[in-house]
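Biologist: I'm new to this one. Could you take me on a close look at a single part, the barrel, and go through its strands slowly?

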Amino acid sequence: LASRDFHPDNTVIERKGVRIGGGELVVMGGPCAVETPEQIDEIARLVKAAGGQVLRGGAFKPRTGPYSFQGVGVEGLEMMAEAGRKHGLLTITEVMTPEYVDVCAEHADILQVGTRNMQNFDLLRKLGTIQTPVLLKRGFSATYDEFLNAAEYILAGGNPNVMLCERGIRTFETYTRNTLDLTAIPVLQQLSHLPVISDPSHGTGRRELVETMCKASVAAGADGLIVEMHTDPDNSMTGDGVQSLFPDQFAKLLQDLEKLAPLC
Ligand code: PEP
Ligand code: MN
């Protein structure tokens, strides 16, 4: 079902008037993690003011170590939903287990499957039983075929609203956190009809590279971008402050992007 042979026309995912994959660029911006109501409210205001359409933020964080901050949980979903409503933004948040799919879908407009869960087949099957759009991140060592097969699990269950996200893969290079595989963008668009989103924040792990790689992603044909932005990155509660843009950098990025492609 993910294959373009089966479905020649591009899939367009529509949610509250925002059309993802319809030729206009969607920009999802926000912190790695939801921290407090004030933090997410202020960041939502800045995302909206800059021209973004979707507020990102994790309430459940898949941390590499068990002693790291794990996210604020269901309260974070509520804080984010409120900020999204108030500022007129869609929201996207990560869901890590099948048991939490329903509560996450009640609060968020789009559900994110993280790179570490790309082959969590129970989670994918559960996401196939609802209609909420899913942003499926590529596993950091997944081939295109494995990635598309993961999407297939969701589609096969009956949820057609899947977008694919390139977020960098693991290579021998250690200067960047991951290696953003720009080739994935045209390849996935040739093989599949699903919208393709690029995540240069996790793809590079370095703030100073995010702007360039966002533009490169758009030049490569990405349907959208997901970008970490924080008002106080140095004191953010996950290690992802180093890859988070400052609000003024985010605003400038969107101004530049508008010259490359119309925003949704
Ligand atoms: C995130 O978006 O904050 C995240 C944890 O991403 P990934 O699953 O790509 O590491
Ligand atoms: Mn992050």
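Modeller: Happy to. Eight strands close into a barrel, with parallel pairing, in the order β3-β4-β5-β6-β7-β8-β9-β10. From one strand to the next, the twist averages 25°. A word on terms: helices (H or I, at least four residues) and strands (E, at least two) are DSSP runs, numbered from the N terminus, and two strands pair if DSSP finds at least two bridges between them. Axes are lines fitted to C-alpha atoms, for helices over the stretch in contact, and angles run from 0 to 180 degrees between N-to-C directions.

Some housekeeping too. This is a predicted model, where local features need pLDDT of at least 70 and side-chain atom pairs count only at pLDDT 80 or more, while totals for chains, interfaces and linings use all residues. Residues are numbered from 1 along each chain as its sequence is written, and chains are lettered from A and ligands numbered from 1 in the order in which they are written.

Let's start at strand β3, residues 26-30. Five of its five residues are buried, so β3 is largely enclosed by the rest of the structure. (Buried means 20 or more other C-beta atoms within 10 Å of a residue's own, exposed means 12 or fewer, and partly exposed is in between; C-beta atoms are placed from the backbone.) In a regular strand the side chains alternate between the two faces of the sheet. Here, Val26, Met28 and Gly30 point one way from β3, and Val27 and Gly29 the other way.

β3 has a parallel neighbour in strand β10 (residues 224-228), joined to it by five bridges, and there Met28 sits opposite Ile226. Strand β4 (residues 54-56) also runs parallel to β3, with two bridges joining them; Met28 turns up again, this time facing Val54.

What links β3 to β4? Together with helix α1, they make a right-handed β-α-β unit. (Right-handed means that, with the strands pointing away from the viewer, the path from the first strand over the helix to the second runs clockwise.) Helix α1 (residues 37-50) has company as well: its axis and that of helix α2 (residues 74-87) come within 9 Å and cross at roughly 35°. Among the residues making that contact are Ile40 and Ala44 of α1, and Met80 and Ala83 of α2. (Two residues are in contact if their C-beta atoms, placed from the backbone, lie within 7 Å.)

Now follow the barrel to strand β8, residues 162-166. β8 is mostly covered too, with five of its five residues buried. Val162, Leu164 and Glu166 point one way, Met163 and Cys165 the other. Strand β7 (residues 134-137) pairs with β8 in the parallel sense over four bridges, and Lys137 has Cys165 as its bridge partner. β7, helix α5 (residues 144-156) and β8 form a right-handed β-α-β unit. Then comes strand β9 (residues 196-198), which pairs with β8 in the parallel sense over three bridges, with Glu166 opposite Ser198. Helix α6 (residues 184-191) completes a right-handed β-α-β unit with β8 and β9.

Finally, pause at Lys137, which belongs to strand β7. Lys137 counts as buried because it has 26 C-beta neighbours inside 10 Å. Leaving out residues up to four places away in sequence, Lys137 touches Gln112, Val113, Gly114, Thr115, Met118, Cys165 and Arg167.
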